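Me: I am new to this structure and would ask for a close look at a single part of it, namely the pairing of charged side chains. Please describe the chain as a whole beforehand, so far as that helps to place this part.

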Amino acid sequence: TFKATEANFFAEDVIVKVSKNGTAAYDVTPVWTDVDADTHIGRYTISGDGHYIVSIEYTDRSGNEMVSYTSDMITIDTVKPQIDVAYQNTTPIDTLQDSNGNTRKYFDSTQTAVVTITEHNFDSDEVNFDIVGKDVAGNERNINNLISVSSWSTNGDVHKITITYSGDANYTFDVAY
């Protein structure tokens, strides 16, 4: 939405351009409505996922030029991130119930989880891990002594992190983004 305050307003003199994903800007034509003799509202709808920059220039018929405007980046992102967790050790040595009655798979060596998030507008600070380790009696252990977490690696829109479970515990793991 654009607001022009101009007594002698001519919509055709307003130059509005949009750039998508860093490409050359193209002209767009807002739909203008006169609120009163001096106030004019223009509307243009941007649609489709992408990163947009909007710029506006206007010179009235008396040669008075406005200070040009360039927006900050406007991001439209309608695609939900895809999260995948793949465990490296897939062969349990036993399956038993824990103290809460949950069926648990028991492994005789370190378990590793590779978390892959596919998202164009990824921000690792927005990823939430909830990892809990409990002993056989159901007492929570200090998770920092039980696991190690790698740094994020990125290849385009694919982001990976590895979690290594090296301490003895019954683990629960949740990830949200």
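Reply: Accessible surface is here the area obtained by the Shrake-Rupley method with a 1.4 Å probe. On that basis the protein, which is a predicted model, has an accessible surface of about 11,600 Å². Carbon and sulfur atoms contribute 46% of this area. Of the 177 residues, 28% count as buried, a term that stands for a relative accessible area under 20%.

The chain is built with 17 strands and zero helices. Its radius of gyration is 28 Å, whereas the globule rule gives 16 Å for 177 residues; the protein is therefore more spread out than a compact globule. The spans of the C-alpha trace along the principal axes, about 85 × 30 × 25 Å, describe its extent. If one takes the contacts between residues at least 6 apart in sequence, 61% of them join residues at least 24 apart.

The charges may now be considered. The protein carries 11 positive and 27 negative charges, and the mean positions of the two groups are 6 Å apart. Side chains of opposite charge can pair when their charged atoms come close. How many salt bridges does the structure hold? There are three.

Two of these pairs involve arginine 61. With glutamate 12, arginine 61 forms a salt bridge at 3.0 Å from N to O. Arginine 61 is found in the loop between strand E6 (50-58) and strand E7 (69-70), while glutamate 12 is in the loop between strand E1 (2-5) and strand E2 (14-20); the pair therefore ties together parts that are 49 residues apart in sequence. Glutamate 12 has a relative accessibility of 59% and so counts as exposed, the cut-off for that class being over 50%.

The other partner of arginine 61 is aspartate 13, with 2.7 Å between the closest N and O atoms. Because aspartate 13 lies in the loop between E1 and E2 and arginine 61 in the loop between E6 and E7, this pair ties together parts 48 residues apart in sequence. Taken together, Glu12, Asp13 and Arg61 are linked in a network of salt bridges.

The remaining salt bridge joins the side chains of lysine 17 and aspartate 27, at 3.9 Å from N to O. Lysine 17 belongs to strand E2 and aspartate 27 to strand E3 (residues 26-28), and the two are ten residues apart. Is each partner buried, partly exposed or exposed? Lysine 17 is partly exposed, at a relative accessible area of 31%, whereas aspartate 27 is exposed, at 57%.

The loop between E2 and E3, the strands that hold this pair, contains asparagine 21. Asparagine 21 has a phi near 55°, a positive value although the residue is not glycine. Most residues other than glycine have a negative phi. With a relative accessible area of 44%, asparagine 21 is partly exposed.

A residue from elsewhere in the chain may complete the account. Threonine 95 is placed in strand E10 (residues 94-97) and is partly exposed, with a relative accessible area of 43%. Apart from neighbours within four places in sequence, threonine 95 is in contact with Thr103, Arg104 and Lys105. Isoleucine 163, by contrast, stands 68 residues from threonine 95 along the chain, and 22 Å separates their C-alpha atoms.

Terms used
Residues numbered from 1 in each chain as written. Predicted model: local features only at pLDDT ≥ 70, side-chain atom pairs only at ≥ 80, totals over all residues. Heavy atoms only, no water. Helix = DSSP H or I, 4+ residues; strand = E, 2+ residues; numbered from the N terminus. Rg over C-alpha atoms; globule rule 2.2 N^0.38 Å. Buried < 20%, exposed > 50% of the residue type's maximum accessible area, 1.4 Å probe, protein only. Contact = heavy atoms within 4.5 Å. Lys, Arg positive; Asp, Glu negative; His and termini not counted. Charge placed at Lys NZ, Arg CZ, Asp CG, Glu CD. Salt bridge = Lys/Arg side-chain N within 4 Å of Asp/Glu carboxyl O.
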